[in-house]
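User: I'm new to this one and don't know where to start. Could you pick a single part, look at it closely, and tell me how it fits into the rest?

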Amino acid sequence: MTESDDIFTARGSVLIAGAIIDGSTVDIAIDETGTIAGIGEGAREAIDVDIIIDGSERLAVPGLVNTHTHAAMSLLRGYADDMLLQDWLSQKIWPLEAHLSGDDVYWGTKLACLEMIKSGTVAFNDMYFFMDRAAEAVDEMGIRATLAYGFIDLSIPEKREAEIKATESLARHIQSLDNPRIRTAVGPHSVYTVSLEGLRWCAEFAKEQGIGIHVHLAETEKEVVDCVAQTGKRPAALLDECGCLTPRTVAAHCCWLDEAECRLLAERGVSASHNPASNMKLAVNRAMPYHWLKQAGANVCLGTDGCSSNNNLDMFEEMKFAALLQKFAWNSPTLLPAGEAVTMATAAGARALGTGPGTLTVGAPADIVLVDARAVCNTPLYHADSNLVYACNGDAVMTVLCQGRVLMHERTVPGEEEILEGAAAAARSLVGRARQAS
Ligand SMILES: C[C@H]1O[C@@H](n2cnc3c(O)ncnc32)[C@H](O)[C@@H]1O
Ligand SMILES: [Zn+2]
């Protein structure tokens with residue numbers, strides 16, 4: 001079969017013919033299991049070709065991995081801007097989220113997946129509510145996700161019981177789906193919204209189930225100051241005492257870590273997710289100390305956070321924000337060069353979520369993005385990484401494959417119109433319900 005509308009439904013081996021990797025034009029062969037079977041010389045012979053994708057004038061790069069999202073917050077894009085984190089959450093976001101329905105989360109996650117696919121993201125790490133409906137959306141869209149229920153007990157025992165039940169129920173549900181693209185994690189929201197008992201339960205449950213932990217950490221100075229005042233410990237030490245710092249933990253933000261905490265995260269094998277756009281928008285007033293984390297050997301990955309604090313899910317933009325913020329905040333133009341920003345958004349993210357090496361190598365899952373090498377942002381093309389980080393945004397992405405399955409081709413994603421309509425209707429309905437109740 002050659003290129004046609006059936007490319008989205010066709011199954012079998014795939015040959016990406018003549019794409020550009022590291023300045024060379026090569027074929028990429030993908031076997032019927034969705035694994036890269038060959039790159040370059042001899043690749044064509046590695047498979048019986050079922051589907052051919054023309055890779056000419058396309059830069060092939062690993063699929064991007066977004067390690068901190070609240071996907072369904074795409075419905076809240078532009079709902080509340082230009083506020084301090086605590087005011088934004090307590091005055092605007094949490095009151096609206098109190099009216100969320102499962103349908104809202106389904107449509108919000110569909111919209112988020114659409115946006116992520118259109119900007120080259122193949123996997124994301126999500127923390128939100130009604131996550132069984134998020135799983136339904138992810139399943140339909142063909143992307144990978146690790147889904148955590150946002151565990152918030154506010155130190156109220158009855159609420160803790162409800163959060164425990166919701167977390168257990170999600171774990172059972174994801175297990176029952178038996179979809180290798182969809183995993184679950186435990187999602188204690190933060191040290192300021194979860195009790196010590198809640199944090200300990202989350203750690204125990206994650207250990208027992210062999211799953212990850214997704215938590216907000218040291219996002220603001222207030223979080224650190226309040227934590228020290230209430231417990232005598234800084235947030236990272238508190239999480240560690242409760243057993244929440246593990247090699248399968250993704251800690252989002254990490255802005256206000258001190259040097260010792262960076263070493264602690266590295267020692268525990270925690271992945272630190274940098275969220276520069278959200279941090280700048282909410283003016284958290286300190287950039288993640290990337291240099292300390294790197295020096296300590298921690299895995300530093302990249303995330304967008306939700307669409308109400310970013311306000312999009314474009315990991316190309318996020319790479320640029322990360323590289324620029326680090327240089328600016330730590331007064332060092334050599335900090336976080338373009339190549340490292342790409343690694344942060346690909347291999348480091350894949351390592352954090354356990355989705356493979358996050359590289360274009362034989363034996364890796366075929367999570368592949370083809371970027372337009374003829375786009376304005378790629379002209380001229382001295383260094384691909386430089387253009388990808390500093391010049392391009394997600395609009396330059398033309399084709400996306402996840403586990404060898406084509407999710408977008410020549411910028412077409414099947415069902416786009418229906419998703420836009422469904423998500424817009426869900427957003428209207430959510431805000432309408434909230435207004436009626438107030
Ligand atoms: C899952 C809950 O987390 C809330 N949330 C979204 N963005 C942030 C952030 O930057 N810090 C803390 N909490 C956040 C989201 O609205 C859900 O209530
Ligand atoms: Zn967040």
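Analyst: Let's take the annotated binding site and the ligand shell, then step back to the whole chain.

A little housekeeping comes before that. This is a predicted model, so local features need pLDDT of at least 70 and side-chain atom pairs count only at pLDDT 80 or more, while totals for chains, interfaces and linings use all residues. Residues are numbered from 1 along each chain as its sequence is written, and chains are lettered from A and ligands numbered from 1 in the order in which they are written.

An unreviewed UniProt entry marks Glu 97, His 189, Glu 219 and Asp 305 as "binding site". The UniProt positions follow the numbering used here, feature names are shortened, and annotations may be inferred rather than shown by experiment.

Look at His 189 to begin with: it is found in the loop between strand 9 (182–188) and helix 5 (196–209). Helices (H or I, at least four residues) and strands (E, at least two) are DSSP runs, numbered from the N terminus. His 189 is buried because 21 other C-beta atoms lie within 10 Å. For that label, 20 or more other C-beta atoms must lie within 10 Å of the residue's own, with C-beta atoms placed from the backbone; 12 or fewer makes a residue exposed, and anything in between is partly exposed. Leaving aside residues up to four places away in sequence, His 189 touches Gly 150, Phe 151, Ile 152, Val 194 and His 216. Contact here says that the C-beta atoms of two residues, placed from the backbone, lie within 7 Å.

Now for Glu 219, which sits in the loop between strand 10 (212–217) and helix 6 (221–231). Glu 219 has 26 C-beta neighbours inside 10 Å, so it counts as buried too. Its contacts, again not counting residues up to four places away in sequence, are Leu 85, His 253, Cys 255 and Val 284.

What about the ligand? There are 16 residues around ligand 1, and His 70, Ile 93, Gly 150, His 216 and Gly 306 come nearest. To be near, a residue needs its C-beta atom, placed from the backbone, within 6 Å of the molecule. Gly 150 and His 216 should ring a bell, as both are touched by His 189. Helix 1 (85–97) and strand 7 (121–128) each supply at least two residues of this shell, and helix 1 gives the most, with five. By class, the shell has six nonpolar, seven polar and three charged residues. Ala, Val, Leu, Ile, Met, Phe, Trp, Tyr, Cys and Pro count as nonpolar, Asp, Glu, Lys and Arg as charged, and the others, Gly among them, as polar.

Now zoom out. The unreviewed UniProt entry has "domain: Amidohydrolase-related" over residues 60–406, a stretch that is 45% helix and 18% strand, with its end C-alpha atoms 14 Å apart. The chain as a whole has 15 helices and 16 strands. Of its 438 residues, 54% count as buried. Contacts between residues 24 or more positions apart make up 73% of those with a separation of 6 or more. There is also a domain assignment, whose bounds come from an automatic or database source: domain 1 (5–62 + 365–416) and domain 2 (64–353). Their C-alpha centres lie 29 Å apart, and 20 residues of domain 1 are in contact with 22 residues of domain 2.
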